[in-house]
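Student: I would like to go through the strand pairing in this model. Please show the structure before we start.

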Amino acid sequence: KCLVHVFHMVGDIGFYHKGSLDHYDSVIMPGDFTLRSIRELEKKRSIPEKQCLSLGLPYFDELYLKASKYNCKKNEKTILIAPSWGDKGLLSICGIDFIAQVAKEYNVIVRPHPHSRTVELNLINRLITTYNNHERVKIDLAIDGSESISRADLMISDSSGVRFDFSFLYGKQVISLDASYGDLSKLEA
């Protein structure tokens, strides 16, 4: 009866795909700072005003509780590659060959965005086929990424909100892709 969008990242709607908020009745916002963007979007798209509640990030509390669960002792450094999905994603922009280069020096965990399995299945299948038996590369398709995040020493990502989880919850560094995203109106909410 009431479709609710719950933010799953610290941030605003600037990188949401066009139309992604259109059918929601309510939005649980990470903070009041997102309200202005949502109201502007509603006007531009001529859609009804949504009920907006500033309640923080409920998932963040759960991640915080899991942050200390995994005590990962290891001798080698581990790099977590955590792309977003679609045309703006690291794997779409850079391809998958660079992973082998990173794996020459480090253990690598590749954790594609869960939505990638729906919208870019060919890319995910190629990733699995290429690296499934690689001794230093692990493909993580689990629902909960807490273990991979805990194991990693550094993250390589793009515009994905997981960068904030990694940095804020674990105090670890992130390398963000510096890429031109072209016409962002195609990505707008």
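Student: Which residue in β5 stands opposite Ile79?

Tutor: This is a predicted model, in which local features need pLDDT of at least 70, side-chain atom pairs count only at pLDDT 80 or more, and totals for chains, interfaces and linings use all residues. Residues are numbered from 1 along each chain as its sequence is written, and side-chain values use heavy atoms, without hydrogens and water. β4 (residues 78-82) and β5 (residues 107-110) are parallel partners over 4 bridges; strands pair if DSSP finds at least two bridges between them. Opposite Ile79 in β5 stands Val108.

Student: Which residue is the bridge partner of Val110 in β6?

Tutor: Strands are DSSP runs (E, at least two residues; helices are H or I, at least four), numbered from the N terminus. β5 and β6 pair in the parallel sense over 3 bridges. In β6, the partner of Val110 is Ile139.

Student: Why is one side of β6 and of β8 left without a neighbour in the sheet?

Tutor: The open sheet has 5 strands in the order β6-β5-β4-β7-β8, with parallel pairing. β6 (137-139) and β8 (173-176) stand at the edges, so each has a single partner strand.

Student: What angle does the direction of helix α8 make with that of β7?

Tutor: Helix α8 (residues 162-170) packs on the sheet and touches β4, β7 (154-157) and β8, contact being heavy atoms within 4.5 Å. Axes are lines fitted to C-alpha atoms, for helices over the stretch in contact, and angles run from 0 to 180 degrees between N-to-C directions. For α8 and β7 the angle is about 165 degrees.
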